[in-house]
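Hi,

Here is the structure I promised to pass on. Have a look at it first, and then read on for what turned up.

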Amino acid sequence: MEAMKRIGGSNYKPGGVEKHTDSILGWASTLWSLSYYSSPIILCYLYRKGYICSSKLVPASQIVGTALVCLLGVACLRGWGRWRNSEYVQFISILEETKKNHSSENKRRLRSYDFDFSYWPPDFSWTEVSSPKQTKAGVSLLKPEPRLRGAADGILHSVRTLPCHVVSFLITHSFGRRMLYPGSVGLLQKAMRNMLQQGQARLVEEFDGQRNKLVACDGNEIDTMFVDRRRDGGRKGQTLVICCEGNAGFYEVGCMNTPLEGGYSVLGWNHPGFGGSTGVPFPQNEANAMDAVIQFAIHKLGFQLNDIVVYAWSIGGFTATWAAMSYPEIQSLVLDASFDDLLPLALKVMPDSWRPLVQYTVRQYMNLNNAEQLLKYPGPILLIRRTKDEIITTSGPEDIMSNRGNDLLLKLLQFRYPKIMTEDSLRVVRQWLGASSYMEEASLFSSYEVDDDWCVSVLQSYQADRDVQFPWTVGEDMTLEGRRQLALFLARKYMHNFDSTHCTPLPASEFPPPWRLQTDAP
C-alpha cells in the first residue's frame with residue numbers, strides 16, 4: 001500500500017525507517033515509469049550497439065535480479081516501520097473495520113485518510129440496481145454506419161485492409177490513447193501527486209466532500225467526490241451538477257470548482273485510469289463509468305433525474321452527451337470548450353499522408369461523436385465557447401471560425417430548427433460566430449433588427465399549438481427577415497462566449513442555467 005496521509009487535523013508523520021524506504025521505492029517507481037515510456041528508444045539504442053545478445057543479457061539479468069531483491073528488502077523494511085507506528089496501525093484497524101461493517105460512521109472515519117484507493121472498499125456497484133442500459137458487455141454506444149458490401153467483396157476488402165487494422169490497433173493501444181488522454185499517463189500523475197492531494201484535502205476540509213468508490217459494469221473502479229449542499233436550504237443546492245473532466249483533468253483540481261462556487265451540490269469523478277479510477281479511458285469504458293455515476297446519484301445520493309445537470313469541459317463532452325442521450329429526463333446539459341467530433345482535430349495534428357489510417361483509427365477505437373449524441377437529447381443546452389481557444393481549433397486560436405464549438409452549435413440548430421436554419425440563416429449565424437467583440441455582436445443584432453420579445457412569442461405560439469419533439473417546423477412559412485431574427489436569437493441563447501483560452505478555469509459568473517423556453521408569457 002502506498003504511503004497513507006491524514007486529511008484534516010495533524011498530518012501523518014512517518015518514522016525514520018518508513019520515510020527513507022518510502023522515498024527509495026518512490027524513486028524506483030519513477031525510474032520504472034521513465035524506462036517504460038522510453039523503452040522503444042532504449043531498445044533501439046541497445047540493439048544498434050549490439051547489447052541484445054546472450055553474452056550481455058545474462059550479466060544484465062543478474063544485476064536486475066539483485067536490484068529487485070534489494071527493493072523487496074526495502075519494501076519489507078517499510079512495512080516493519082509502519083507496523084511500529086501507532087497512527088498507521090490505527091488507520092489499518094479502521095480500514096479493516098470498514099471492510100467488515102460499511103456503516104456511515106466507519107466511512108466517515110476512513111475519509112479522514114488519503115491512501116492507495118485500490119484498498120478503499122466499494123460504496124456502490126452496478127449490480128445493486130436493475131438497469132436495462134447495463135450489461136457485462138457495457139452500455140450501448142452509437143456506432144458508425146457500416147459500408148454495405150457484397151460477401152466476396154467484403155472478404156477481399158478485409159484481407160486488403162488487414163495491415164491497416166493491425167497498425168491502427170497498435171497505435172491506439174500504445175501512444176494514441178495516451179496522446180488523447182495524457183492524464184492517464186502514470187508519470188504525469190506522479191508529477192501532479194502533491195497538487196491532487198492538496199485539491200482532495202480542500203474538497204474534504206472546506207466543503208465536507210465525500211469520497212466514494214463505484215464499480216462499473218466492466219469491473220472498473222471509479223473514484224468520485226460528492227459535495228452535498230441540500231441541507232444549506234438554497235434552491236441551487238437541491239440541484240446536482242455532475243462534472244465530466246477534460247483529457248488531463250481530475251476532479252481534485254478540475255471543473256468541479258465552478259459549480260461549487262455557484263452554490264450547487266456537485267458530483268465529480270475521474271476518468272478510468274485517472275487518479276484512483278482503474279481501467280483505460282476508451283469510449284466504452286468512459287460511458288460505462290458515466291452510467292455508474294448517474295445510477296449512484298439516483299439510488300445512493302437520492303437525486304431525481306430532473307434534479308441533475310451534466311456539466312462537461314473539453315473532451316468530457318463525450319460522456320456528458322452520452323448521459324444526455326441515454327437519460328433525456330435530466331434537467332439540462334452544459335458543454336464548455338467542447339467539440340462536435342474528434343476526427344477533424346485528430347487530422348489537424350497528424351500528417352496528411354496518414355489521413356485514411358487516422359480516419360479508421362478514430363472511428364473504430366476513439367469515436368468521440370459528441371454532436372451525434374447531442375442531437376438525441378431534447379432538453380435545455382448551453383454551449384460555452386472560449387474565444388481564444390487554442391486546443392479545439394483546426395487552424396489556430398486567432399481564427400475563431402475554426403473553433404469546433406461552432407460546428408457543434410450549427411449542427412444542433414440545424415437539427416432542432418431545420419426550417420429556420422436555411423442557407424441564408426446559416427450565413428447570418430456564421431457572421432455572428434465570427435464577430436471579434438461584444439460590440440460587433442451587438443451591431444450585427446441591431447442591423448438585423450432582432451426583437452427578442454417577438455422571437456419568444458413566435459416560439460411559444462408554436463410550442464402551445466403542438467406538443468412535439470425536435471425537430472420543429474417553426475419558420476416554414478416565414479419571411480427571410482423573420483428567419484434571420486430567429487436564427488440569431490437562438491444562436492445567442494444556445495451559445496455563450498467566454499473571452500479566454502482553453503484551460504482557464506470558468507468563473508461561477510459564467511455558468512448560467514441553460515435557456516429554457518417558458519410556456520407562459522415572457
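Let's start with strand S8, residues 308-313: six of its six residues are buried, so the strand is largely enclosed by the rest of the structure. One thing to keep in mind as you read is that this is a predicted model.

You can check the enclosure of S8 from either side, since both of its faces are covered. Ile-308, Val-310 and Ala-312 sit on one side, while Val-309, Tyr-311 and Trp-313 sit on the other, and all of them are buried.

Which strands does S8 pair with? Strand S6, residues 240-244, is joined to S8 by five bridges, and the two run parallel. Strand S9, residues 332-336, is also linked to S8 by five bridges, again in parallel. Val-309 is a handy residue to click on here: Val-241 stands opposite Val-309, and in S9 the bridge partner of Val-309 is Ser-332.

Next, a stop just before that strand. Lys-300 lies in the loop between helix H11 (283-299) and S8. Is Lys-300 buried, exposed or partly exposed? Its relative accessible area is 46%, and buried would need under 20% while exposed would need over 50%, so Lys-300 counts as partly exposed.

What does Lys-300 touch, once its neighbours within four places in sequence are left aside? The contacts are Asp-123, Phe-124, Glu-128 and Gln-295. Phe-124 is 176 residues away from Lys-300 along the chain, yet the C-alpha atoms of the two are separated by 7.8 Å.

Now for the whole chain. The secondary structure of the protein chain amounts to 20 helices and 11 strands. Its radius of gyration is 26 Å, close to the 24 Å that the globule rule gives for 522 residues, so the chain is as compact as a globular protein of that length. Along the principal axes, the C-alpha trace spans about 85 × 65 × 45 Å.

How much of the chain is buried? Of the 522 residues, 48% count as buried. Contacts reaching along the sequence are worth a look too: among those between residues at least 6 apart, 74% join residues at least 24 apart.

Finally, the surface and the charges. The protein chain exposes about 25,600 Å², with carbon and sulfur atoms supplying 56% of that area. There are 54 positive and 54 negative charges, and their mean positions are 8 Å apart.

Happy browsing!

Technical notes:
Residues are numbered from 1 along each chain as its sequence is written. This is a predicted model: local features need pLDDT of at least 70, side-chain atom pairs count only at pLDDT 80 or more; totals for chains, interfaces and linings use all residues. Side-chain values use heavy atoms; hydrogens and water are left out. Helices (H or I, at least four residues) and strands (E, at least two) are DSSP runs, numbered from the N terminus. The radius of gyration is taken over C-alpha atoms; the globule rule is 2.2 Å times the number of residues to the power 0.38. Buried means under 20% relative accessible area, exposed over 50%, partly exposed in between (1.4 Å probe, protein chains only). Contact means heavy atoms within 4.5 Å. Accessible areas come from the Shrake-Rupley method with a 1.4 Å probe; for residues, only the protein chains shown count as cover. Lys and Arg count as positive and Asp and Glu as negative; His and the chain ends are not counted. The place of a charge is taken as NZ of Lys, CZ of Arg, CG of Asp or CD of Glu. Two strands pair if DSSP finds at least two bridges between them.
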